Amino acid sequence: MRFNKLDLNLLVALDAMLAERSVSRAAERLHVSQSTMSSSLTRLRTYFEDELLVQVGRKLELTPRAETLKEAVCDVLSRVDTAIATQPQFDPTQSDREFRMFVSDYTLVTLMPHLLALARRQSSTVRFQLSPLPQMDRPQRALERGDADLLVIPRNYCSREHPAEVLFEEEFNCVVWSGSRFAHAGELTLDQYVAAGHVVTQPTGTDQPTLESWFMQRHGIVRRVEVTTYSFVAAPFVVIGTECIATVHGRLARLAQRSQPLKLHAFPVPMPRMEQAMQWHKYRTHDPGLVWLRGLLHEAAWLMDAEQTAGARPTASRFP
């Protein structure tokens with residue numbers, strides 16, 4: 001099919017090459033040969049009268065024209081996918097659909113078990129692909145490239161260009177080893193907190209600070225960092241056997257305390273609660289499968305807190 005003399009099949013190849021900045025990786029992504037992809041690039045260069053991808057050192061870089069095309073092409077393909085590929089109805093007990101979700105390891109261990117249990121309870125036949133979060137400077141790119149159906153991220157990381165809903169709020173606790181001096185010192189003071197060594201989490205792929213790090217910087221609280229880890233889940237385990245403090249999501253801290261010799265303290269000064277949200281592409285708001293998944297996530301968030309409140313996994317649901 002052609003539009004203004006352009007073979008529209010080439011848009012798929014163009015989208016892959018602009019995203020990957022590599023002919024070979026784009027070919028792998030689309031399951032075609034490298035020579036086929038090279039031929040597509042030649043035809044695209046002729047049509048746009050632009051090189052699109054140019055060699056700079058050992059890498060291919062986008063030309064200014066390619067930069068302007070990148071989001072436009074992705075947007076067009078997303079609209080086509082939404083209009084044509086989305087089924088008008090969705091039955092989780094009959095569907096073989098795979099939902100691709102980008103989540104942190106914190107979300108993976110606190111919220112996702114409840115989502116999967118609910119899906120099983122509904123006799124759902126869908127599949128889930130749970131992947132680590134992409135670069136947090138622009139996580140919505142994963143939605144726009146079609147790499148993810150849904151993101152579960154802090155509200156302040158969400159893009160204004162796409163819809164988002166808050167799933168739950170989270171506080172932070174200071175976690176210490178039960179054998180440390182801080183475990184028996186009563187309430188943790190700010191002076192004690194600042195004087196201690198710290199375990200700090202910095203996710204890979206971004207220089208953007210986490211919420212607690214942003215709070216420290218804004219309020220001039222300087223921590224003496226002894227250990228930096230990429231994993232939120234690892235942080236409370238790393239303090240065991242040390243005099244370090246880890247500032248950890250409250251639900252994760254309580255989960256770790258069930259099996260490990262840990263003591264939890266309130267943070268010594270008021271800290272804003274984190275809003276954990278889900279975000280999806282604006283063109284897929286009415287996708288019946290995503291409507292079902294978003295509802296399931298809200299129910300999973302409720303069950304997650306019901307379990308922690310009761311101390312055991314609930315058997316009933318407040319949702320029909």
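This briefing covers the fold, sheets, helix packing and selected residues of one chain. The model is predicted. The chain holds 12 helices and 14 strands. Of its 320 residues, 45% are buried. Among contacts with a separation of 6 or more, 73% link residues 24 or more positions apart.

**The five-stranded sheet**

- An open sheet is built from 5 strands, in the order β6-β5-β7-β14-β8.
- Strand pairing in this sheet is mixed.
- The edges are β6 (127–132) and β8 (164–170). Each has a single partner strand, so one side of each lacks a neighbour in the sheet.
- From one strand to the next, the twist averages 20°.
- Strand β5 (residues 98–103) runs parallel to β6, and 6 bridges join the two.
- Within that pairing, methionine 101 has leucine 130 of β6 as its bridge partner.

**Serine 131, a residue in an edge strand**

- Serine 131 sits in strand β6, one of the two strands at the sheet edges.
- Its relative accessible area is 16%. Serine 131 is therefore buried, since the cut-off for that class is under 20%.
- Setting aside neighbours within four places in sequence, serine 131 contacts Met101, Phe102 and Val103.
- The C-alpha atoms of serine 131 and phenylalanine 102 are 4.8 Å apart, although 29 residues separate the two along the chain.

**The β3–β4 hairpin**

- Strand β3 (residues 53–56) pairs with β4 in the antiparallel sense, over 4 bridges.
- Glutamine 55 is placed opposite leucine 60 of β4.
- The hairpin has 2 residues between its strands. Glycine 57 in this hairpin adopts a positive phi near 65°.
- Strand β4 (residues 59–62) has two unlike faces: Leu60 and Leu62 are on the covered one, Lys59 and Glu61 on the uncovered one.

**Packing of α1 on α3**

- Helix α1 (residues 9–20) and helix α3 (residues 34–48) have axes that come within 10 Å. The crossing angle is roughly 100°.
- That angle falls in the range of 65 to 115 degrees, so α1 and α3 count as roughly perpendicular to each other.
- From α1, the residues in the contact are Leu10, Ala13, Leu14 and Met17.
- From α3, they are Met37, Ser40, Leu41, Arg43, Leu44 and Phe48.
- By class, the residues of this contact are 8 nonpolar, 1 polar and 1 charged.

**Helices α6 and α9**

- In helix α6 (residues 112–121), the buried residues are Met112, His114, Leu115, Ala117, Leu118 and Ala119.
- Serine 123 follows α6 and has a positive phi, near 60°.
- In helix α9 (residues 211–218), Leu211, Glu212, Ser213, Phe215 and Met216 are buried.
- These buried α9 residues pack against one helix, α8 (190–195), and against the strands β9 (172–177), β10 (197–201), β12 (245–249) and β14 (274–279).
- Of these partners, β14 also belongs to the open sheet of 5 strands.
- Glycine 220 follows α9, with a positive phi near 70°.

**Positive phi in two loops flanking α3**

- Histidine 31 is not a glycine, yet its phi is positive, at about 60°.
- Histidine 31 lies in the loop between α2 (23–30) and α3.
- Its relative accessibility is 74%, so histidine 31 counts as exposed.
- Leucine 52 is another residue other than glycine with a positive phi, here near 65°.
- The loop between α3 and β3 holds leucine 52.
- Leucine 52 has 0% relative accessibility and therefore counts as buried.
- Which class does each loop residue fall in, buried or exposed? Histidine 31 is exposed, whereas leucine 52 is buried.

**Cysteines**

- A disulfide joins the sulfur atoms of two cysteines covalently.
- With a cut-off of 2.5 Å between cysteine sulfur atoms, the count of disulfides is 0.
- Cysteine 158 is at 12% relative accessibility, so it counts as buried.
- Cysteine 244 is at 5% relative accessibility and also counts as buried.

Note on methods
Residues are numbered from 1 along each chain as its sequence is written. This is a predicted model: local features need pLDDT of at least 70, side-chain atom pairs count only at pLDDT 80 or more; totals for chains, interfaces and linings use all residues. Side-chain values use heavy atoms; hydrogens and water are left out. Two strands pair if DSSP finds at least two bridges between them. Axes are lines fitted to C-alpha atoms, for helices over the stretch in contact, and angles run from 0 to 180 degrees between N-to-C directions. Angles under 35 degrees count as roughly parallel, over 145 as roughly antiparallel, 65 to 115 as roughly perpendicular and the rest as oblique. Contact means heavy atoms within 4.5 Å. Ala, Val, Leu, Ile, Met, Phe, Trp, Tyr, Cys and Pro count as nonpolar, Asp, Glu, Lys and Arg as charged, and the others, Gly among them, as polar. Buried means under 20% relative accessible area, exposed over 50%, partly exposed in between (1.4 Å probe, protein chains only).
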